[in-house]
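Q: I have a new model open beside its sequence, and I would like to learn how to read it feature by feature. Could you walk me through it?

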Amino acid sequence: CSAGKDIACPSATYNDATGRDDQSACVYCPLNSFTLEERSTRLSDCVCTVGHYAHWHGGMLSCEPCPIGANCTEPGLTFERLPLDEGYWRAHSGTTDVRRCPGNLEGSACEGCGGDSCLRTSFTGCRNGTGGAYCGTCAESAGPSVYYDHGHRACLPCREANPVPIIVLASVLVSMAVLAAVLIVVRR
């Protein structure tokens with residue numbers, strides 16, 4: 001306020017000080033960020049532009065370039081909610097070390113994430129039931145009798161041991177032994 005007039009900080013600036021009476025008190029948002037409206041009063045009102053994500057460290061904001069494999073097509077993304085494209089993985093929400101998963105990008109067990117699904121404490125971006133490095137193992141939630149099939153890029157149930165092939169093989173071997181014995185007797 002100045003002489004009873006309301007003087008707003010323009011877009012891309014904020015003023016967190018009280019008792020100031022002109023726009024010179026407005027502070028610019030960090031590089032690659034803006035405010036959604038005028039009259040912003042906190043640094044946290046600044047959001048990062050498309051292609052960047054917000055990284056807070058020691059109460060300071062920096063807008064970092066989006067790593068390859070992350071999807072920064074929306075403004076206002078944060079480090080913790082950094083969405084991943086399909087076919088990419090990161091170990092947890094505390095890192096921006098985004099890695100390409102082995103195999104094809106489409107149909108990968110690395111299905112990526114977006115929005116709130118990126119907030120899980122053990123974030124991996126893995127298809128449900130998979131986990132570990134590059135989503136290549138079965139998570140405990142998949143159940144006790146499953147294995148990771150690389151061809152399907154999914155956890156599949158283990159098959160029960162089937163005794164029929166063993167019985168058939170044993171029968172064939174016994175038949176061959178009997179046939180060999182018969183041939184030996186006939187030749188004499």
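A: Happily! Start with the order of elements: from the N terminus on, the chain runs β-β-β-β-β-β-β-β-β-β-β-β-α. That comes to 1 helix and 12 strands. Please keep in mind that this is a predicted model.

Q: What share of the 188 residues is buried?

A: Buried residues make up 29% of the chain. As for the surface, the chain exposes about 12200 Å², and carbon and sulfur atoms supply 57% of that area.

Q: How do I read the contacts in the chain that have a separation of 6 or more?

A: Look at how far apart the partners are in sequence. Here, residues 24 or more positions apart account for 34% of those contacts.

Q: Let's turn to the cysteines. How many disulfides does the structure hold?

A: First, the general idea: a disulfide is a covalent bond between the sulfur atoms of two cysteines. This structure holds 7 disulfides. One of them joins Cys29 and Cys46, with sulfur atoms 2.0 Å apart. Cys29 sits in the loop between β2 and β3 (33–35), while Cys46 belongs to strand β4 (residues 46–48), so this pair links distant parts of the chain, 17 residues apart. Both cysteines, Cys29 and Cys46, are buried.

Q: Is the disulfide of Cys29 and Cys46 left-handed or right-handed, and why?

A: Check the torsion about the S-S bond. For Cys29 and Cys46 the torsion is about -75°, so the disulfide is left-handed.

Q: Which strands hold Cys48 and Cys63?

A: Cys48 and Cys63 form a disulfide with their sulfur atoms 2.1 Å apart. Cys48 lies in strand β4 and Cys63 in strand β6 (residues 60–65), so the bond ties together parts that are 15 residues apart in sequence. Its torsion is about -80°, so this disulfide is left-handed. Cys48 counts as buried because its relative accessibility is 1%, and Cys63 is buried with a relative accessible area of 9%.

Q: How does the link of Cys101 and Cys110 read?

A: The two sulfur atoms are 1.7 Å apart in this disulfide of Cys101 and Cys110. With -85° about the S-S bond, the link is left-handed. Cys101 is buried at 2% relative accessibility, and Cys110 is buried at 1%.

Q: Why is the sulfur of Cys158 without a bond to the sulfur in Cys138?

A: Distance decides this one. The closest cysteine sulfur to that of Cys158 is in Cys138, 8.2 Å away, which is too far for a bond. Cys158 counts as partly exposed, because its relative accessibility is 39%.

Q: Now a residue in a loop: is Asn15 buried or exposed?

A: Asn15 is buried, with a relative accessible area of 16%. Its place is the loop between β1 (13–14) and β2 (27–28). A polar atom of the Asn15 side chain lies 2.8 Å from the backbone nitrogen of Ala17. Leaving aside neighbours within four places in sequence, Asn15 is in contact with Cys9, Arg20, Ala25, Cys26, Ser40 and Thr41.

Q: And on the surface, which residues form a nonpolar patch?

A: The patch is made of Val168, Leu169, Val172, Leu173 and Met176, with about 480 Å² of accessible area together. To find it in your viewer, go to Val168 in helix α1 (residues 163–187). Val168 counts as partly exposed because its relative accessibility is 47%.

Technical notes:
Residues numbered from 1 in each chain as written. Predicted model: local features only at pLDDT ≥ 70, side-chain atom pairs only at ≥ 80, totals over all residues. Heavy atoms only, no water. Helix = DSSP H or I, 4+ residues; strand = E, 2+ residues; numbered from the N terminus. Buried < 20%, exposed > 50% of the residue type's maximum accessible area, 1.4 Å probe, protein only. Polar contact = N/O pair within 3.5 Å; in protein donor to acceptor, adjacent residues only side chain to side chain. Contact = heavy atoms within 4.5 Å. Disulfide = S-S within 2.5 Å. Patch = residues over 30% accessible without salt bridge, like charges linked within 9 Å, V, L, I, M, F, W, Y side chains within 5 Å. Areas by Shrake-Rupley, 256 points an atom, 1.4 Å probe, with all protein chains shown as cover. Salt bridge = Lys/Arg side-chain N within 4 Å of Asp/Glu carboxyl O.
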